[in-house]
Amino acid sequence: MRQHQQTRLDIRGVACRFKKPLLLLVPLILLILLQTLAPAVAQDMSEAEYRPFPKIGSRNAAWIAAQLHLLFGSFILGVPMFAVIIEFIGWKTKDARYDRMAQEFIKLCMGAFSTTALLGGVLVFILIWCYPKVMSKLSGIFGPTMIFYVVLFFGETFTLYLYSYGWDKMQGRHKGWHLFLGVLLNVFGTAIMFVSNSWLTYQTSPGTQYGKLSDTTRQSWLESKLAQNPGMTQTEAMEGITDATVIPLHNETTGEFLATVWEAVNNFTWMPVNIHRLIGNIAFGGSIVAAYAAFRFLVAKTKEDRAHYDWMGYTGNFIALCGLIPLPFAGYWLGREIYMFNNTMGINMMGSLFSWLFIIQAVMIGVLFIGANYYLWSGMGRIDGAQIYARYRPYMIAIIVICVAIWMTPRTLSKISTSSELSAMGGANHPHLGLFGLMTAKNTAVNIIILTTFLSFLFYRRSGKSPTASWKKVGNIAISSIFFFSAVSIVVIGIVGFTVPTDLRVNVLTPYQVLIALVVMVAVTIIDIFMYRKATMSGTIKWGEMTDRSQYVLILLAITFTSLMGLMGYARSGLREAWHIFGVMQDTSPDAFTPLLSEAVNIVAIIMVIFFALVGFIFWLGLWGEKKKQQAVPTEMEEAD
Amino acid sequence: MSKTVVKVASLILMVVSFIAYIAGVSAFPIASENLLPWSVWFIISVVVNIIVWSSVMKLLTFSLAVIWFYAFVAGLVPESSTAINLTSLDWSDPESVAEQGAAIFNGKGQCSACHTVDPSAPKGRCPDLTDIGANAANRQPGLDAKTYLIESLYEPANYLVPGYGKIMPEIWKAPIALSKLEIEAVIAYLQSQGGEIDPTPYDEPIDRADPGTVAAALPPLLTGDPALGKKVFVSAACISCHAVKGIESPAAGEGSQDFEVVTAPDLSEIAAFNDMRYLEESILKPGAQIVSGYGAVTVKANGATFQGTLVSQDTEQIVVRTKKASGEEEEHTILLTELDEEPIEELANLKANGYFTLTLTPADADASVSGEIVEETEDSVTLKVGDGTQTLSKTDVKTLLTIVNFDGDEIVGSVVSGTLDDDELVLNVDGSEEVIDTFDIEDSVFTRAFGKKLLVTSPMPENFPLLLSVSDLSNLLAFLSTLTGAAATAEATPADATETSAE
Amino acid sequence: MKRLSLFTTCLIIFVGCWVFLRFIVGSVISVPIPGSVVAMYMGLILIAILVHISVEDSRFREFLRPLRETLVDDNRRVRRRVVAVLVPLVLLAYTYSIFAQRANPPGNPRDAHPSPPLELTYKDEVIGKMQEVENPFRHYEKDEPEAFKAHVENGRRVYYQNCFYCHGDDLDGQGHFASPLQPLPANFQDPGIIPNFQESFLFWRISKGGPGLPAAGTPWDSAMPIWENMLTKDEIWDVILFLSDYTGYQPRTFGEGH
């Protein structure tokens with residue numbers, strides 16, 4: 001118990017290191033200045049289209065700065081989300097450990113916050129310097145949102161300070177208000193992300209569905225269309241236009257912006273990207289916390305420390321898993337919207353230019369799911385009575401690995417086969433494995449992986465407990481049959497998917513598969529909660545008795561997650577190909593080409609090294625403060641001994 | 001102590017190999033072969049680091065290894081790039097541009113596969129380019145050095161250095177597909193060979209946007225089984241003329257009797273220098289491109305006929321190797337001026353038929369005009385007469401008619417009136433008009449002009465499209481594509497090869 | 001009989017999987033799987049085995065026991081020596097096999113799905129945006145089944161006069177001229193071909209043929225002629241109707257709304 005007290009004191013030590021909020025304001029002011037000045041400055045300099053960035057080139061410079069900014073942005077968005085959830089759990093369960101952990105991470109956030117602002121400033125500098133014309137065009141359209149962004153930034157900054165410094169003061173009676181501050185912080189953070197998402201999604205998809213347009217925009221679009229096609233009547237122009245038709249927000253010949261700011265913000269891919277990133281941030285925040293815990297676990301000297309950080313890693317990984325499970329669904333929606341916006345872009349993404357990127361993505365997601373399951377299975381080793389579930393493990397491993405294999409199998413094998421293999425296959429597609437390359441097989445595989453992971457988690461939850469409910473037998477049969485029949489129906493739908501028109505598959509069958517998986521998870525969770533409500537404990541969780549290997553897995557998960565974000569950043573940005581704003585403003589710089597996957601991943605690797613070096617530095621600052629505090633309180637140390 | 005050394009050394013090796021891998025640095029060169037690639041060094045150092053270091057360092061090593069692993073997996077994916085490797089040329093420093101050009105000359109452009117830049121080197125497939133910067137101005141009259149180089153790079157077939165065949169591909173088309181900037185850099189490099197680099201910009205003499213010019217119009221490539229192709233190579237008697245290392249050639253006369261055994265190019269390393277399309281074309285249309293030193297010619301000089309292999313050719317003379325019935329070979333050096341003028345019946349496709357000089361008499365003139373053929377169109381021909389040129393119509397020429405009657409007498413004269421279809425025909429023979437009875441003509445030949453002829457043909461039979469079935473041909477091509485020679489393949493891994501052909 | 005050690009069991013499973021993929025699936029049940037794909041699968045199987053044995057400490061120790069014994073135990077000297085000889089020999093054989101494969105030319109780097117241009121054209125006439133163009137006769141399917149049938153019949157005629165030689169009489173890409181072509185003619189019976197593309201995409205591929213393929217992903221060696229030089233616009237649309245009618249696959253469409 002004393003050890004815990006000490007840890008709490010140590011955290012105060014960390015807090016001491018961040019007692020200079022004015023220091024943090026410096027980069028913030030820099031950023032705000034740049035944000036407000038950007039439109040004016042960009043206008044002035046618009047006669048130059050591009051300026052080269054020395055040595056590494058404009059694109060690489062902007063790429064590295066943007067990706068680092070985004071990763072730190074995710075950190076200060078994901079970690080507070082994690083903290084608020086954990087604080088809430090702590091408040092409700094009255095378990096002080098949760099509260100302490102949440103506070104520890106908010107302290108770490110402070111350092112990351114200033115880094116984010118600094119990187120944002122650097123990014124704006126590079127963009128204005130290297131791409132003045134693009135920035136001028138974008139700020140011309142999005143001027144009002146940039147002011148809104150600054151206001152939000154102020155809001156987030158001060159809420160973070162209040163939330164962080166008010167932590168100890170607001171314990172007890174004011175805890176509810178403190179939680180409200182935390183939620184507010186996340187609202188601000190999410191809003192900031194939404195605003196900046198609008199800029200970059202607009203670059204990818206500068207169009208909206210006809211039904212979403214205002215009357216004035218419809219009118220100006222019609223006028224521009226009639227002006228472009230002399231001799232066309234109004235009825236002819238409106239022919240075939242339904243509410244779902246994609247309407248470009250620009251005059252297609254002059255590139256003049258026709259719509260309102262809101263319509264530009266609410267462009268085709270804005271919401272899918274928002275949701276995708278929001279869920280991704282929850283998972284990212286959790287995995288970063290878990291990695292930090294793993295690092296502390298591995299360097300920990302005492303048994304108590306190991307127990308604490310083991311528990312922290314478990315909680316972080318749990319939140320990450322909660323985010324990871326719905327993430328493929330959100331990604332699927334985003335991909336579908338891209339296809340709807342522009343078929344060519346969709347084919348480019350899934351079938352042509354970026355198709356191999358999705359094989360690498362499959363490798364990474366495979367690592368994520370295998371790793372997450374590995375961690376859960378390892379965790380069952382610290383619970384007495386969990387051994388009964390071990391006999392299912394080989395089958396679960398087999399299912400996951402087979403599904404990952406299906407997901408990783410490329411449709412077109414011509415690039416990785418020799419000519420004799422190609423002639424044996426009779427073409428670029430293998431007659432049987434080629435079926436694995438189609439989306440319906442891959443969707444089925446993902447859903448099965450998700451269900452299996454959920455099953456692992458269910459086993460973990462049940463470990464060491466015996467239900468006392470009278471209907472436990474019926475319940476178990478119900479749960480088993482739910483799993484069995486849902487898996488069978490997902491596979492059957494997947495097989496049917498090979499034979500139906502794509503439109504039907506994309507809009508009906510695949511959503512059904514997703515729905516089945518989600519319903520199973522909800523239903524089973526509810527049954528399970530009721531079944532185990534008054535369960536007797538046959539074994540306790542021995543926190544700290546984890547293998548080192550499982551901790552390495554947590555670090556592997558965090559790095560994989562971050563690399564995945566970097567890779568998908570390349571995909572999202574690269575989809576535009578040689579356009580700054582797709583179909584409106586062409587990239588005429590020397591960097592207009594799409595880099596090779598290997599070159600892109602090399603840049604991502606460089607970004608990863610810089611990111612983890614910076615994050616490591618921030619973590620080390622926390623550790624350093626702790627050590628200093630320990631030296632400062634020798635009396636407590638003696639007592640503890 | 002020694003453990004500390006190992007620790008530090010492996011740490012340094014890990015960081016260095018990581019950076020070198022990401023930056024794409026080539027492995028340690030040892031002689032001509034490369035030592036282990038950086039990926040292997042990185043793996044070794046990671047393993048050593050994980051063994052020798054303790055917790056924190058172990059963790060960092062692990063993290064770096066994970067990051068590297070994803071870069072490595074992505075690097076395994078074979079891909080074609082839309083990248084323009086050269087993004088700008090710094091003309092303020094022409095020497096550096098020439099250096100970039102040299103890299104393209106020896107690398108992506110694959111120029112050095114055929115061209116040498118060393119006067120002492122044995123004669124290559126294509127002209128030696130030593131001092132090309134200075135010589136370029138003298139190659140083709142009327143073209144300055146830069147214009148000549150531009151023409152040679154974009155449209156290599158327009159002017160051929162005497163003695164060399166039409167084998168240079170259009171390098172701006174796939175598979176080599178150099179960009180304009182890259183060609184500019186190559187020109188700068190060529191100019192730097194004995195000349196001044198001229199940075200003036202130029203317009204490309206081609207239309208890159210036209211897909212018809214870019215896409216190759218040849219029939220598609222075929223796939224086949226190399227082992228079966230080897231059998232075809234022997235059974236179709238290719239081996240009678242073409243040598244391939246590792247296949248024993250039957251002695252002359254022992255092979256198929258259908259073909260005359262001639263000297264043909266050694267094919268042992270053919271696939272290292274030529275793409276499949278070239279091989280395919282060479283089988284189906286043997287005459288399309290003839291490797292210098294292997295063409296067949298029939299020339300008449302000083303009244304004698306020489307039939308054999310054209311060994312070499314320059315602006316003044318040719319060397320023809322003939323073979324007597326006894327098998328004895330003889331080389332004849334023939335001055336171009338010694339060639340006999342041959343009568344020409346039809347004034348069409350003169351150049352394609354090998355004529356390089358022409359003598360004709362225009363209809364409204366008495367004296368004949370004679371000179372080298374400079375340019376030829378459908379109905380006119382331009383000759384180089386003295387220092388100037390003269391363009392003559394192909395139709396308005398005095399035609400000589402040679403008539404042989406049933407008595408065996410030969411009458412030669414220009415037609416004054418009448419045609420062969422009339423009852424009577426009036427000829428002007430040596431100034432006096434003669435009336436000829438057209439029913440008394442056994443044979444007649446029109447002669448519209450005379451010209452010296454040097455026609456190089458391929459000695460390879462042209463009946464392969466009929467002789468070989470489609471699967472034979474695809475097998476044969478598959479076999480030929482394996483003939484890369486040991487030295488050429490050792491450096492390029494399959495992945496490299498994929499990438500090069502993609503660019 | 002002595003029980004097999006965990007290590008041996010894993011080794012047998014691993015080798016067994018390889019034999020299964022390489023020979024049983026790859027030759028008996030189906031056509032050979034490319035070596036690179038087998039390597040990928042084997043990597044996953046290795047990971048699966050490692051996951052299984054390393055989750056629990058006790059099992060991990062048991063797995064490592066034979067390795068440790070071989071390396072340090074005195075009474076395992078013979079085995080140690082055999083391993084010391086075998087490992088370099090295996091590496092040598094591997095290196096040899098790589099070098100011995102040199103004669104095998106690599107496959108062509110070619111994308112399966114070329115990206116279409118943004119605009120659909122016939123000769124030089126712009127028909128519309130690739131995204132929006134629809135088959136002008138498709139609506140007959142609902143409106144006038146008779147007219148639709150006539151268009152399909154016309155498409156059948158066009159197909160058997162022009163396409164049949166390569167794409168085959170069953171539309172399966174196995175026409176008389178197909179076997180030596182590389183890439184092989186498209187197999188329209190494959191569920192991955194027609195349902196994945198809009199009719200405008202099919203129109204683009206038919207009208208522009210092999211030479212009209214985009215520059216990215218070159219070299220393209222498709223033998224497909226430029227059909228717009230031979231067929232009218234309507235004939236191309238008709239033949240597309242025929243393709244989907246015959247195979248039963250609907251070309252991809254994008255439904256209204258979400």
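**Five-stranded sheet, chain B**

I began with the open sheet of five strands in chain B of this predicted model. I read its strand order as β15-β14-β13-β12-β16, with antiparallel pairing. I then asked which strands stand at the edges. They are β15 (432-437) and β16 (441-447) of chain B; each has a single partner strand, so one side of each is left without a neighbour in the sheet. I noted an average twist of 40° from one strand to the next.

Inside this sheet I looked up one pair, β13 (residues 410-417) and β14 (residues 424-429) of chain B. The two run antiparallel and are joined by three bridges. For a register point I took B:Val415, which has B:Leu427 of β14(B) opposite.

**Four-stranded sheet, chain B**

Next I went to an open sheet of four strands, also in chain B, and wrote down the order β3-β4-β5-β6. The pairing here is antiparallel. Its edges are β3 (295-301) and β6 (329-335) of chain B; since each has a single partner strand, one side of each lacks a neighbour in the sheet. From one strand to the next I have an average twist of 45°.

How many bridges join β3(B) to β4 of chain B? I count seven, in the antiparallel sense, with β4 covering residues 304-313. As a register point I recorded B:Lys300, whose bridge partner in β4(B) is B:Thr305.

**B:Pro119**

I turned to a loop residue of chain B. B:Pro119 sits in the loop that links α4 (94-106) to α5 (132-139) of chain B. Is B:Pro119 buried or exposed? I find 9 other C-beta atoms within 10 Å, and exposed means 12 or fewer, so B:Pro119 is exposed.

I then checked what B:Pro119 touches beyond its neighbours within four places in sequence, and found B:Asp128 and B:Thr130. I also took the distance to B:Asp131, twelve residues away along the chain: the C-alpha atoms of B:Pro119 and B:Asp131 are 9.4 Å apart.

**Helix pair, chain C**

In chain C I looked at helix α7 (residues 199-208) and helix α8 (residues 233-247). Their axes come within 10 Å and cross at roughly 120°. An angle of roughly 120° lies outside the 65 to 115 range for roughly perpendicular and is not over 145, so I entered α7(C) as oblique to α8(C). The crossing of α7(C) past α8(C) is right-handed.

Which residues make the contact? From α7(C) I listed C:Glu199, C:Leu202, C:Phe203, C:Ile206 and C:Ser207. From α8(C) I listed C:Ile236, C:Trp237, C:Val239 and C:Ile240. Sorted by class, the contact has seven nonpolar residues, one polar and one charged.

**Chain totals**

I closed with whole-chain figures for A and B. Chain A has 23 helices and six strands, whereas chain B has 16 helices and 17 strands. In chain A, 50% of the 641 residues count as buried; in chain B, the buried share is 27% of 503 residues.

Last, I looked at sequence separation in the contacts. Of the chain A contacts between residues at least 6 apart in sequence, 85% join residues at least 24 apart. For chain B, residues 24 or more positions apart account for 57% of the contacts with a separation of 6 or more.

Key
Residues numbered from 1 in each chain as written. Chains lettered and ligands numbered in written order. Predicted model: local features only at pLDDT ≥ 70, side-chain atom pairs only at ≥ 80, totals over all residues. Pairing = 2+ DSSP bridges. Axes fitted to C-alpha atoms, helices over the stretch in contact; angles between N-to-C directions. Buried ≥ 20, exposed ≤ 12 C-beta atoms within 10 Å, placed from the backbone. Contact = placed C-beta atoms within 7 Å. Parallel < 35°, antiparallel > 145°, perpendicular 65-115°, else oblique. Left-handed = near helix turned anticlockwise from the far one by under 90°. Nonpolar A, V, L, I, M, F, W, Y, C, P; charged D, E, K, R; others polar.
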